Amino acid sequence: MPAIFMVSLGCAKNLVDSEIFLGETLGDDFELALEPEDADFVIINTCGFLEDARKEGREVIAEFLAMKSGRKKRPLWVAAAGCWAERNPEILARDFPGLDAIWGLRTPSGLAEIIREIMQNPPRPVPAKHAGNRSKPAGNRAKGAETPPPLPQLTASGLGHRDAPRDGGRLVTTLPSFAYLRLSDGCDNRCAYCAIPLIRGPLRSRKPEAVVEEARILADQGVQELVLISQDTTAYGLDLGKDGNGRLAGLLEKLLAAVKVPRLRVLYAHPAHLDAATLDLLRREDRLCRYLDLPIQHVSDRVLAAMNRGYGRRRIMEIVEKLAEVEDFTLRTTSLAGFPGESAADFQEVLAFVAAGHFQHLGAFAYSSESGTPAAGLAGAVDPDLASGRRDEILAAQADVAFQWLNRRVGGTEEVLLDAMDEEDTFIGRSRHEAPDADGIIYIQDWEGKCRVGDYVSACITGRDGYDLLGKITTGKPTSFGKKKGGREKK
């Protein structure tokens, strides 16, 4: 039976797309390859959000084309899909003529049948220059080099958004303890720097009953934590009419009533759309993690207005101060450095805000100009090296805050979900303060056969290793470590 190997690049939303691709192709005709060496057909689900993501995509595509070229006895077909394939299929076709197919986010109906048809023909040849070259574009072909025939590009009507799960419609590939639950696709925010609306289109919220049904299916599979995601999770339901139950707070209440999963976590909360009802639920519902991913990007009113974020510093402070009233509430954010027109004073404002310790987790990025976005035409470009330096300063300031917070947790007891076990028989887990694939982890040692993956355990935090914590099983109840702000500690 032919085997499919999937490579998923980029964010958790892209991972859900990958899981849908697999769910629609695996079955009677295809099986899943756990290693690329065992694959007959490789799907590379690309990210096209930033140039760094496209660079990674180039490297991965080139790597698999080189593998394809090196196969002597067993043929290999390679396809590119996802966000970059949606945005720039012509670039992929030009630069990687060895690809056997390209499709974007508009998942072709009958994908399994299409793959079977592709495999009826020999794999497309990989030009010699690409067989051993991981990143050089095919557009630089030597004069007179052979030009391969046009690459077939798959098309489909309608967006690749599923309103309700179907049997076999998604193969969850995360660790068995948690799963992502996508509430919507697309975005209406039109932030000046962001290409997501150009790639994924406008906001399209799933119907509440479809989300709840998928959550039930995931709960029946033994998932212990549901991680709610969208491009803007707090915009959920804005396109579903005036029914209050269509907004995020109403959906959260439906999920809490319908499924018994111990933890639900909210990621990608836009400050402009985070309403009082959702904040109230986060404060009082025990099964909702007292954790929020709140991408602020900046705090300078002038820069936020230029970014078209729809809020200012005052709104950020309202949210931060309200959640600071909740014991042990954890906040994550992202910050964008070097946006066009960002002055030294603007940068110092955001640097001081980060150093004040409002956030326990933070990711920072240097601005990348994206064609087709409003920001690409703005004056006042910041030198890329300066932007990268500002990003690094933000990360260094946050490191002091994070290490102080982590050190304060040592000696306390926390409830930890065991996600996996490493090769040294040490459990890898997370408390409610850590989101999967984004934050640090907790290593649980000295467990003495008392637990298994997917269990919740009480763990005494015994030490820190960088951004990770160390712990051991205990019978004690979770304790509070407070939310003291300010001060620096040695790393």
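**Salt bridges, buried helix faces and loops**

Visitor: How does Arg 284 count by its relative accessibility: buried, partly exposed or exposed?
Guide: Arg 284 counts as partly exposed, because its relative accessibility is 45%. The model is a predicted one.

Visitor: Which residue forms a salt bridge with Arg 284?
Guide: Glu 253 does, and the closest N and O atoms of the two are 4.0 Å apart. This pair links distant parts of the chain, with Glu 253 in helix H9, Arg 284 in helix H10, and the two positions 31 residues apart in sequence.

Visitor: And Glu 253, what is its relative accessible area?
Guide: The value is 42%, so Glu 253 is partly exposed. Both partners therefore fall in the range from 20% to 50%.

Visitor: Staying with helix H10, which of its residues are buried?
Guide: In H10, which spans residues 276–284, the buried residues are Thr 278, Leu 279, Leu 281 and Leu 282. They lie on the same side of H10, because the arc they cover around the axis is only 160 degrees.

Visitor: Why do residues three or four places apart in an α-helix point the same way?
Guide: An α-helix has 3.6 residues a turn, so residues at that spacing point the same way.

Visitor: What covers the buried residues of H10?
Guide: The cover includes helix H9 (248–258), strand E11 (288–293) and helix H12 (313–324). Helix H9 also holds Glu 253, the salt-bridge partner of Arg 284.

Visitor: Now H5: which residues are buried there?
Guide: Leu 111, Ala 112, Ile 114, Ile 115 and Ile 118 are buried in H5. The arc covered by these residues is only 160 degrees around the axis, which puts them on the same side of H5. Their cover includes strand E1 (3–8), helix H1 (12–25), strand E3 (41–46), strand E4 (77–82) and E5.

Visitor: Where does Trp 103 lie?
Guide: Trp 103 is in the loop between strand E5 (101–102) and helix H5 (111–118). Its relative accessible area is 0%, so Trp 103 is buried. Trp 84 is 19 residues from Trp 103 in sequence, and their C-alpha atoms are 9.5 Å apart.

Visitor: Back to charges. How many salt bridges does the structure hold?
Guide: The structure holds 36 salt bridges. One of them joins the side chains of Asp 185 and Arg 204, at 3.5 Å from N to O. Asp 185 is in strand E7 (residues 184–185) and Arg 204 in strand E8 (residues 204–205); the pair links distant parts of the chain, 19 residues apart.

Visitor: Asp 185 and Arg 204: buried or exposed?
Guide: Asp 185 and Arg 204 are both buried. They also belong to a network of salt bridges that links them with Asp 17, Arg 182 and Arg 200.

Visitor: Which residue meets Arg 290 in a salt bridge?
Guide: The side chain of Asp 286 does, at 3.3 Å from N to O. Arg 290 has a relative accessible area of 18%, so Arg 290 is buried. Asp 286 counts as exposed because its relative accessibility is 62%.

Visitor: Moving on to Ser 431, where does this residue lie?
Guide: Ser 431 is in the loop between strand E15 (427–430) and strand E16 (442–445). With 1% relative accessibility, Ser 431 counts as buried.

Visitor: With which side chain does the side chain of Ser 431 make a polar contact?
Guide: That side chain belongs to Arg 409, and the contact is at 3.2 Å. Beyond four places away in sequence, the residues that Ser 431 touches are Arg 263, Arg 265, Arg 409, Glu 414, Glu 415, Val 416 and Ile 442.

Visitor: What about Gly 169, in which loop is its place?
Guide: Gly 169 is in the loop between helix H6 (128–131) and strand E6 (178–182). Gly 169 counts as buried because its relative accessibility is 12%. Not counting residues up to four places away in sequence, Gly 169 touches Glu 19, Ile 20 and Gly 23. Gly 169 and Thr 25 are 144 residues apart in sequence, yet 9.0 Å apart in space, C-alpha to C-alpha.

Visitor: Finally the surface: which residues form a nonpolar patch there?
Guide: Leu 32, Leu 34 and Leu 171 form one, and together they have about 270 Å² of accessible area. Leu 32 lies in strand E2, residues 31–32. Leu 32 has a relative accessible area of 37%, so Leu 32 is partly exposed.

Definitions and conventions: Residues numbered from 1 in each chain as written. Predicted model: local features only at pLDDT ≥ 70, side-chain atom pairs only at ≥ 80, totals over all residues. Heavy atoms only, no water. Buried < 20%, exposed > 50% of the residue type's maximum accessible area, 1.4 Å probe, protein only. Helix = DSSP H or I, 4+ residues; strand = E, 2+ residues; numbered from the N terminus. Arc of directions from axis to C-beta. Contact = heavy atoms within 4.5 Å. Polar contact = N/O pair within 3.5 Å; in protein donor to acceptor, adjacent residues only side chain to side chain. Patch = residues over 30% accessible without salt bridge, like charges linked within 9 Å, V, L, I, M, F, W, Y side chains within 5 Å. Areas by Shrake-Rupley, 256 points an atom, 1.4 Å probe, with all protein chains shown as cover.
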